[in-house]
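Open the structure in your viewer and get ready to select a few residues at a time. We will walk through it step by step.

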Amino acid sequence: VKLEKIPDYIRDTMEWFMGCYKSCFMAICLLKGRRKDKEATPMNIQDEECRQYLEDEFTNEQICDVDFCSLVELPHGLDYNEWLATHTITFFEHISLMYDTISEFCTSSGCCNMTGPANSSYVWEDSRGKKCKCSAPQYVDYVMSHSQTCVCDESVFPTKYGNLFPSSFESTVRKIHRLLFHVIAHIYHSHYKEIVQFKLHAHLNTLFLHFMAFSRHFKLLEDHKESECLDALYAKLVCANIARRHPDKPVESNGDASPVKSSGDCLPPPPSAHELEENKENLMEQSAEQHEASS
Ligand SMILES: [Zn+2]
């Protein structure tokens with residue numbers, strides 16, 4: 001098939017699948033080596049303090065230059081719940097797909113706890129509120145099963161004309177977002193090396209950026225303490241995204257990656273030193289003018 005002759009969106013999908021195929025091939029090669037030594041492989045050993053994903057070289061990798069903060073805003077005339085529903089389903093599918101690519105490496109022996117950056121660890125709570133500590137693959141399985149059950153339940157995610165969203169819809173969505181955040185946190189924390197090996201880090205960054213912009217805009221991650229472990233990454237990705245969209249206007253990355261304020265909104269771009277200077281000059285000019293006018 002000549003790729004040039006088919007519509008763009010199909011071509012993009014095909015190219016994406018081809019990329020996946022290549023990734024799968026690499027994964028198989030890696031697995032072959034891995035099966036010989038199931039106990040520990042260098043791929044599974046991730047230093048607690050090693051946060052490669054925060055390095056500029058990696059945060060600059062994103063697959064598109066969309067302004068996610070504007071993109072996630074509810075378009076005029078669209079139903080809020082519909083907006084929440086379509087995004088939640090899409091995030092669930094994409095995060096599930098992303099996890100699938102590294103799931104072979106997420107084993108109950110290699111990842112015996114569901115961990116995230118900054119010593120975060122997540123304990124599964126069943127529908128009766130009973131907590132159970134489980135391995136990461138088990139936890140992710142619970143997350144995906146729970147999300148799948150919710151999005152397929154007509155009484156929770158109504159799709160048929162005349163069926164209304166239940167009053168508990170927003171809290172259901174909040175819970176799914178919180179659980180999906182845990183999966184992303186685990187991927188960044190424990191499987192980033194595999195993601196980089198498969199050349200999927202630009203996809204992961206973009207997915208995370210979109211997910212966080214949406215979650216923050218609609219205040220879906222209630223427990224900010226919990227999402228703090230990836231605040232520094234989000235801040236850096238936002239800066240990189242702005243820099244990509246405005247290559248002529250350099251944005252200074254907050255090097256120490258200070259945590260994003262819990263405003264629930266998108267992170268505003270930190271002003272560059274140049275902008276700060278400019279603002280200061282403008283303010284001084286304004287006050288001089290005011291002074292002249294008054295005297
Ligand atoms: Zn894992």
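The tour below starts in the nonpolar core and then visits two pairs of packed helices.

Keep in mind that you are looking at a predicted model.

**Stop 1: the core.** Select Ile 95, Leu 180, Val 183, Ile 184, Ile 187, Tyr 188 and Phe 208. The largest nonpolar core has 57 residues, and these seven touch the most other members. Several helices supply at least two residues each, among them helix 4 (80-102), helix 5 (136-152) and helix 6 (169-190). Which helix gives the most to this core? Helix 6 does, with 10 residues.

Now centre on Ile 184. Leaving aside residues up to four places away in sequence, Ile 184 touches Ile 95, Phe 208 and Phe 211.

**Stop 2: helix 4 with helix 5.** Show these two helices alone. Their axes lie 11 Å apart, and the packing angle is about 150°. Helix 4 and helix 5 are therefore roughly antiparallel, and their crossing is left-handed. To see where they meet, select Ile 89, Phe 92, Ser 96 and Tyr 99 in helix 4, then Val 140, Met 144, Ser 147 and Val 151 in helix 5. This contact has 6 nonpolar residues, 2 polar ones and no charged ones.

**Stop 3: helix 5 with helix 6.** Keep helix 5 on screen and add helix 6. Here the angle is about 150° and the axes are 10 Å apart, so helix 5 is roughly antiparallel to helix 6. This crossing is left-handed. Residues to select at the contact include Val 143 and His 146 in helix 5, and Leu 180 and Val 183 in helix 6. By class, the contact holds 8 nonpolar, 6 polar and no charged residues.

How values were computed
Residues numbered from 1 in each chain as written. Predicted model: local features only at pLDDT ≥ 70, side-chain atom pairs only at ≥ 80, totals over all residues. Core = buried A, V, L, I, M, F, W, Y, C linked by C-beta atoms within 7 Å. Buried ≥ 20, exposed ≤ 12 C-beta atoms within 10 Å, placed from the backbone. Helix = DSSP H or I, 4+ residues; strand = E, 2+ residues; numbered from the N terminus. Contact = placed C-beta atoms within 7 Å. Axes fitted to C-alpha atoms, helices over the stretch in contact; angles between N-to-C directions. Parallel < 35°, antiparallel > 145°, perpendicular 65-115°, else oblique. Left-handed = near helix turned anticlockwise from the far one by under 90°. Nonpolar A, V, L, I, M, F, W, Y, C, P; charged D, E, K, R; others polar.
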